[in-house]
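Me: I've got a two-part puzzle on my bench and would like to talk it through. Could you look at it with me?

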Amino acid sequence: MNDKMNVENLEDVIVRFSGDSGDGMQLAGNIFSTISATVGNDISTFPDYPADIRAPQGSLTGVSGFQVHIGADKVLTPGDKCNVLVAMNPAALKTQYKFCTPQSIIIIDTDSFKDTDLKKAMFATDNPFEEMGIHNEVIAAPISSMCKESLKDSGLDFKAAVRCKNMFALGLVCWLFDRNLSYAEQMLREKFAKKPEIAEANIKVLNDGYNYGHNTHASATTYRIESTGAKSKGKYMDINGNKATSYGLIAAAEKAGLTLYLGSYPITPATDVLHELAKHKSLGVITVQAEDEIAGCASAVGAAFAGALAVTSTSGPGICLKSEAMNLAVITELPLVVLDVQRGGPSTGLPTKSEQTDLLQVLFGRNGESPMPVIAASSPTDCFDAAYMAAKLALEHMTPVVLLTDAFIANGSAAWKLPDLKQYPAIQPPYVTDDMKGNWTPFQRNPETGVRYWAKPGQEGFMHRIGGLEKSNETGAISTEPENHHKMTVLRAEKVAKMVKAIPDQTVEGCEDADLLVVGFGGTYGHLASAVSTLNKQGKKVALAHFKYLNPLPANTEAILKKYKKIVVAEQNMGQFAAYLRMKVEGIHLHQFNQVKGQPFVVEELVEAFTKILEA
Amino acid sequence: MSETVYTAKDYKTGQPRWCPGCGDHAFLASLHKAMATLGVAPHNIAVISGIGCSSRLPYYMNTYGMHTIHGRAAAIATGAKVANPDLTIWQISGDGDGLAIGGNHFIHAVRRNIDLNMILLNNRIYGLTKGQYSPTSCRGFVSKSSPYGTVEDPFRPAELCFGARGRFFARCAAVDAVGSEQVLVAAARHKGASVVEVLQNCMIFNNGTHEAVATAESRAKNAIYLEHGKPMLFGADKEFGLMQEGFGLKVVKLGENGITEKDILVHDAHCQDNTLQLKLALMEGPDFPIALGVIRDVEAPTYNDAVHEQVDQVSAAKKYHNFEELLMTNDIWEVK
């Protein structure tokens, strides 16, 4: 367009939408990321929302943010600092400005920057920008009043009209980044399919926002993020971690030919898995919202006994409550997937924020010798593969398996290439066979894997009793015999240890002959990989070993940890993985980078910390 | 139903290790007999228990069985029944397992009306841990953990069951083989959560707690066998009966004050309104007989049926039935 002053091409851009938690910032951000993905950009998003459902309007605690990172090539994280901050009120400006650089463009709704709004956000003066020393480029638009004006003939009342202001902001951002609105319009029509008048009002305001930018030349420069076409061919969708986890479980149940059973109790940030699975009854999925966390897990153990792919989903506090029932699955050697979407702790902690502080709990937080395989998903889309593998390992090795994710990857989303289930490995539980009838006992094991065979109630000729009391390995009867207990303890541990053959070797990415190996696990992959990549670009020899299989650890773990001169374990806890590695591999020295802020790592801080270790 | 005829022996396995004289022995024999009467193949039965003396029971059943963790039997049985509704599930708990540590699961399993046969062996004591008071011990009960007597009121299982919208409640004395078998058969035939309170004696730590119903003679004197459609008569010669008086019940003697059998209440276990059934269930001596038999037996949709009906309904209504079709319900774009 000839009347655009200046169009700049960008590699990537980060937009942070922020406002009151009722302002619809998540929807605006979601639409922006999806329409960017449809033109071939890579995307990564992160919602940052308060624990309160509706904090007082305009208050500092009620600010909800949604960060979108879109890139011409691959993006691994939602990004550290934003290029554009949408701040729908003074509280958003005050709390979110820390995510800006001096170059960031700030978009505000001037109608929400009146005296009373400023007071609610604890500003002392009537100039918040001066008060905060902000000298950024600001697009100040009277968004609320333009919505009202735009919709005055729509039949919507004032409140409903102003509720569309998130779409005005989105329209403005779409103009700034040269995004076509047609897909956004389609999304709005689908979202408000039952209220077409609301859909049309939102679409009108969306276009108004776009046109406002265009007509007023709201910014001196607009930007393009071309797609470099680095993404492999195929069909894609936008998916967050909780949905990907749900899909992974559904896929595994289908592959195994089993009913998927979820026993769960609502808990942030895991509840969306219950919501997602509850929808898919047409796939035969059974969800039971139990009376408590304990019953969620206990009912899943019952479902496993009855022959289902049994799952229980929760977050840290729920793991505390489920641990006794998890242990029942350990001693009865029944397959069970325990999903722990980690959040800030201890106790109720920071329910909506992200940490990796449950690692030692899921590894060791049960009475007795209680070996439990643990898998940690590394990104929103990896939740699918991790959930699939958790189910496969549980079913094939007759053991509970913990799947660790966290609030960050559970709520964050990314573009996901649709998987072809045919390419996924078969899932073959060790069912009893007819020829075993007559001389079968419950703890008869496959000599190679140490796995017992699975006889399901309803099968003739395999009636048996299992339970929480120690059993004789030979007869399956209750046994307090000292030698037997020791043997069973060893057999259960060996069974889990032997699973190392069923998991892939650990890979190392980045510089081959690195001076520093960065080690991490789970949801920090994007940030650690970005930091390592940044360091490599600076010519520094750094590599990354990012672990997904935590128990058992991959077979080559020791070889990797003994190969590098310097190793830093970076994790969002006070050093749990480092402590575990030290226990598993003797004689290694590990540096630590630990942060427990409830927020994702900041790549820049990682780069700085790793550089210090390199140069020390 | 399979055509094979089963006898009590087909459901037996192992050698019970309860104390000699424990009420659990008698109950176990009644359960074996009830299962033979019901004729469900042993491999289609799962017996799921919690922790406690009575929870050892699955080891003596030649069926599928699971001896689980303290208090959670109802929750575990819930998962098993919902995952495989074809199974007949007996959930065995004691008063501590079912009403103390497992109280939450008990009330919710009853409320949801899951088709479980929920057996509550009530000896009003913790036996396995050697003699502490339980949530059904009477106020003032002296035990190892209450040397000066308890200072709390007990649960009355029927009240808890009815409060959780229970549709089936029956009671028997463990030593009463005929009465026990009858209520167990009725419980199994009832579709939905069937709660059976078994009055069971603990020889060691609470001997005599159910003295009033310990023998045929004492039961004739102190208990009333309720049967649906039958007048509520009791006593050695059925000389006593129950009548309604105001908001309550009263015991009357036939022939006195011109009272005949026609004046006596007729039991209605199928009555939706549980008011009178609760009154019957809460009767106790010395003024009233203890009610035995099926006190309430009302049909209602079961949770497990409803779960699977919903799966069928949604399956019929939705267009996606496998993972690949599920993927296509999302906003998809293609990179070419």
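Me: In this predicted model, which strands form the open sheet, and in what order?
Reply: Nine strands make it up, with mixed pairing. On average, neighbours in this sheet are turned by 25 degrees against each other, ignoring direction. Reading across, the order is β7(A)-β6(A)-β5(A)-β2(A)-β4(A)-β3(A)-β16(A)-β9(A)-β14(B).

Me: Why is one side of β7 of chain A and of β14 of chain B left without a neighbour in the sheet?
Reply: Look at where they sit: β7 (137-141) of chain A and β14 (333-335) of chain B stand at the edges. One side of each is left open because each has a single partner strand.

Me: Which residue is the bridge partner of A:Lys235 in β14(B)?
Reply: Start with the strands: β9 (residues 234-240) of chain A pairs with β14(B) in the antiparallel sense, over three bridges. Within β14(B), the partner of A:Lys235 is B:Glu334.

Me: And which helix packs on the sheet by touching β9 and β16 of chain A?
Reply: The helix you want runs at about 115 degrees to the direction of β9(A). It spans residues 241-256 of chain A, and its name is α10.

Me: Which element gives the largest share of the side of chain A that touches chain B?
Reply: The contact takes 57 residues from chain A and 49 from chain B. On the chain A side, 29 are nonpolar, 17 polar and eleven charged. The largest share is ten residues, and it comes from α12(A).

Me: Which residue in β2(B) does A:Ile466 stand opposite?
Reply: Here β17(A) pairs with β2 (residues 64-67) of chain B in the parallel sense, over three bridges. Opposite A:Ile466 stands B:Met66.

Notes: Residues numbered from 1 in each chain as written. Chains lettered and ligands numbered in written order. Predicted model: local features only at pLDDT ≥ 70, side-chain atom pairs only at ≥ 80, totals over all residues. Pairing = 2+ DSSP bridges. Helix = DSSP H or I, 4+ residues; strand = E, 2+ residues; numbered from the N terminus. Axes fitted to C-alpha atoms, helices over the stretch in contact; angles between N-to-C directions. Contact = placed C-beta atoms within 7 Å. Nonpolar A, V, L, I, M, F, W, Y, C, P; charged D, E, K, R; others polar.
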